[in-house]
Amino acid sequence: MKRFLHIAVFALLAASCEIPFDLDQEGKPLIYVQAVAQNDSVTITPRYAAPVNGGAPQTLNNLDIRLLVNGQAAGLERLEGGRYRCKGSFEEGDRFDLSLKADGLEEVGGSTVLPHRPVVTDFAWKNVQVDTIHAVEVRMTLDRAPVEGEYYGIQISCETAVTYADGSDDAFTLPVTPGYVLSAADSGNMDLEDFMQVNYADGQLGGKAFAPITLLTQKQFDGTLYKFYLDSFDSNILDRLRQALPKELDNGSGLGGLDPNKIPVAITTIYTFTLSHLSTELFLYGKAMYQSNFDFLSNMGLTPANFTYTNVRGGLGMVGALSSATVGPVEIKKDWSYLLP
């Protein structure tokens, strides 16, 4: 633990530098929009974006949203919270063009193309142990190797059922993040860019719901193979670091655990793995969102300031896409002997 923290602090100090820039205090309100196209829907979240000196946010009056799918107008339904959705069955290469207008604000627009859906040709797992670390090695093989400039993301859900010696039981479902470093001896190889995670749920990046998607580049693949660990050294460390973030950055995961007053006699874990191919726009926006979590370090002069990303013309936000494949539910029989009596 101490070794990793020392490495992390050294890396932050080494990266610190002074970057002078002017903050434009003059500005005008804009439309912010986040739109994500998936295999079965397009979800649009528009908001009023006030400038730094522009006072309180306002509503978007007489909002007009136009969505074209392959040049054809698509219908939208309004959801709770001022969001909109287009349902359909979309395929690789489908193009989405979005434009929004509102009273007193500049028209905004953005475009994206649905990437191909990943094809998982082989899935395997096994229990491994190094030192005191008990982990599960997972291997996912794709039908083709990712190339430079292709981006992916993975979300993992674990449903755990626990039976106790007194006959009672518990069941809970939690999101899980993949790890790459199995033991403390390998911790010097950790790179925070290997652990880029943002929340993604219901067609929207960010938000308060703890639903992490881990962003992947070609670096995390060995040809067609994507290998990672569950319950590994680095995933445990990163969970603790995440919980130690300033309160305003708390993800509100509410992660629970086994009841310390009861003795477990049986534990069952069932996992679902969702691997997504991300459009470049969605990946870059997610990466910028992840980096913004460390802006509190910039305020202390430890790292350069992080700036946002947008591909929205005339406004702010992101129009992007992802195409997903799911493996599971899969029961993974872990080695719980070190926990059970």
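This is a tour of one structure, moving from a strand and its partners to two sheets, a helix, the salt bridges and the aromatic rings.

The model is predicted, so local features are described where pLDDT is at least 70 and side-chain atom pairs count only at pLDDT 80 or more, while totals for chains, interfaces and linings use all residues. Residues are numbered from 1 along each chain as its sequence is written, and side-chain values use heavy atoms, with hydrogens and water left out.

**Strand S1 and its two partners**

Begin by selecting residues 30-37, which make up strand S1; strands here are DSSP runs of E with at least two residues, helices are runs of H or I with at least four residues, and both are numbered from the N terminus. Seven of the eight residues of S1 are buried, where buried means under 20% relative accessible area, exposed means over 50%, and partly exposed lies in between, with a 1.4 Å probe and protein chains only.

Next add residues 41-49, strand S2, which runs antiparallel to S1 and is joined to it by eight bridges; two strands are said to pair if DSSP finds at least two bridges between them. Three residues lie between S1 and S2, and the two strands form a hairpin. Then add residues 316-331, strand S19, which is parallel to S1 and joined to it by six bridges. A useful residue to label is Val 33, which stands opposite Pro 46 in S2 and opposite Gly 317 in S19.

**Two open sheets**

Select strands S4, S3, S7 and S8, which in that order form an open sheet of four strands with antiparallel pairing. S4 (72-73) and S8 stand at the edges, each with a single partner strand, so one side of each is left without a neighbour in the sheet. Within this sheet, S7 (residues 95-102) and S8 pair over seven bridges in the antiparallel sense, and Leu 98 has Gly 110 in S8 as its bridge partner.

Now turn to another open sheet, whose four strands are ordered S9-S10-S17-S16 and are likewise described as antiparallel in their pairing. Here S9 (120-130) and S16 (221-222) are the edge strands, and because each has a single partner strand, one side of each is left without a neighbour in the sheet. S16 is joined to S17 (residues 225-230) by two bridges, and Asp 222 has Leu 225 in S17 as its bridge partner.

**Helix H3**

Select residues 280-292 for helix H3, which has 13 residues and should span 18 Å at 1.5 Å a residue, a value that agrees with the 18 Å between its end C-alpha atoms; the expected span is 1.5 Å times one less than the number of residues. Colour its buried residues, among them Leu 282, Phe 283, Tyr 285, Met 289 and Tyr 290.

**Salt bridges**

A salt bridge is counted when a side-chain nitrogen of Lys or Arg lies within 4 Å of a carboxyl oxygen of Asp or Glu, and by this rule there are eight. Show Lys 28 and Glu 106 to see one of them, with the closest N and O atoms 3.3 Å apart. Lys 28 lies in the loop between H1 (2-15) and S1, and Glu 106 lies in S8 (residues 105-113), so the pair ties together parts that are 78 residues apart in sequence.

Which residue forms a salt bridge with Arg 85? The partner of Arg 85 is Asp 202, and their closest N and O atoms are 2.8 Å apart. Arg 85 is in S6 (residues 84-87) and Asp 202 is in the loop between S13 (197-201) and S14 (204-205), 117 residues apart. Arg 85 is buried at 14% relative accessible area, whereas Asp 202 is partly exposed at 47%. Add Arg 83 to the selection, since Arg 83, Arg 85 and Asp 202 are linked in a network of salt bridges.

**Aromatic rings**

Finally, show the rings of Phe, Tyr and Trp (its six-membered ring), which pair if their centres lie within 6.5 Å, with planes under 30 degrees apart counted as stacked, over 60 as edge-to-face and the rest as tilted. The structure holds nine such pairs. One of them, Phe 90 with Phe 96, is edge-to-face, at 5.2 Å centre to centre and 85° between the planes, and both residues are buried.

Tyr 180 and Tyr 226 form a tilted pair, at 6.3 Å centre to centre and 55° between the planes. Tyr 226 is buried, with a relative accessible area of 1%. To end the tour, select the cluster linked by ring pairs, which consists of Phe 123, Tyr 152, Tyr 180, Phe 221, Tyr 226, Phe 228, Tyr 271 and Phe 273.
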